[in-house]
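Hi,

Here is the structure I promised to pass on to you. Have a look at it first, and then read my notes underneath.

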Amino acid sequence: MARPSVLKMIKYYCLLDAELSAQGRPFTETEKISIKRIIAYNLFKRLTAHARLRARLANRRQLKRWHVRPIFQDREIYGAWFSLIPLMKEADTDEYYRFFRMTPDCFDWLLEQVSPFITKKSNRKSISAGERLAITLRYLASGDSQSSLSYLFRVSNQAISKIVTETTAVIWYTLKPVVFEQLNEDFWRRKAAEFESMWQFPMCVGAIDGKHCSFQKFPMRGSEFFNYKGTHSIILFAVADAKYKFIVADCGANGREGDSGVFDTSAFGQLFYNHGLRLPQLVYNPKIDCLLPYVFLGDDA
């Protein structure tokens, strides 16, 4: 089947031949043969160029497509989960703690809690739950880029990104009932006793503040997350006890908002204003002869 460009040339040839015939000087036989050769040569040249292009693209796809990159095929030999981490666990627990920010026993306990939710079942050999947890904890402990973790654990960037997202969500929903206790009067009294014994500040149940967590600007979001420091961020708003442990955490407010605005719109702020925190009643202080309430410490904002 002739190409559209060749059909155009034949059409123009026929029109030109008819016009010249009407003028009384049609194409000679030699000119007709030359024109037909040009049309055939043009068709052959186009078909050859298309065939070469298709062969080049097919060869390029064949060279670039693989199930596992060559540098990741020896993951079970050179990957950190199979080589470095077992050695640190057996011979150097101090470095193990610096690597994960937790002891081997703590890692094993956390793995036992989250493994039912992060274990993958597939016909192919999947990444184990322990390795998924190790990648996530190293990401949280070091702040390394996902590319750096990819070379350390011999896992692709795409897999690292998915593993960190899934595992952090599982850790949050698994440990939230354990880490964050129910808010009641006994809980607040214990926190106030810790503040008084460790920091000599009576009637304090928590220290409250916000922190800007900077990130690269989201596309098509304008100045929604732009803060007064000149960066784009979301706000981590938290209440900590005397031992630096989070009692309440709220994350996700726009960086352009102030701490007071975040507090007003947060679930914790709503509970505070509606007297839903279950703070203990006022306590009589004989030194100054008056009733004192339980308080939160915070800055001017």
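**The sheet and its surroundings**

Strand E1 (residues 204-215) pairs with E6 in the parallel sense, over three bridges. One contact point to look up is Ala207, whose bridge partner in E6 is Leu297. Please keep in mind that this is a predicted model.

These two strands belong to an open sheet of four, ordered E3-E2-E1-E6, with mixed pairing. Strand E3 (246-254) and strand E6 (295-297) stand at the edges with a single partner strand each, so one side of each has no neighbour in the sheet. From one strand to the next, the twist averages 25 degrees.

Helix H10 lies across E1, strand E2 (232-240), E3 and E6, and runs at about 85 degrees to E1. The helix covers residues 185-199 and includes Trp199. With 44% relative accessibility, Trp199 counts as partly exposed.

Trp199 also helps to make a nonpolar surface patch of about 460 Å², together with Met198, Phe201 and Tyr244. Tyr244 sits in the loop between E2 and E3, and is exposed, with a relative accessible area of 65%.

Now for the backbone. Most residues other than glycine have a negative phi. Tyr244 has a positive phi, near 70 degrees. Arg101 is not a glycine either, yet has a positive phi of about 60 degrees. Arg101 is found in the loop between helix H5 (93-100) and helix H6 (104-118), and counts as partly exposed at 48% relative accessibility.

Happy to talk it over whenever suits you.

Best wishes

Notes: Residues numbered from 1 in each chain as written. Predicted model: local features only at pLDDT ≥ 70, side-chain atom pairs only at ≥ 80, totals over all residues. Heavy atoms only, no water. Patch = residues over 30% accessible without salt bridge, like charges linked within 9 Å, V, L, I, M, F, W, Y side chains within 5 Å. Areas by Shrake-Rupley, 256 points an atom, 1.4 Å probe, with all protein chains shown as cover. Salt bridge = Lys/Arg side-chain N within 4 Å of Asp/Glu carboxyl O. Buried < 20%, exposed > 50% of the residue type's maximum accessible area, 1.4 Å probe, protein only. Pairing = 2+ DSSP bridges. Axes fitted to C-alpha atoms, helices over the stretch in contact; angles between N-to-C directions. Contact = heavy atoms within 4.5 Å.
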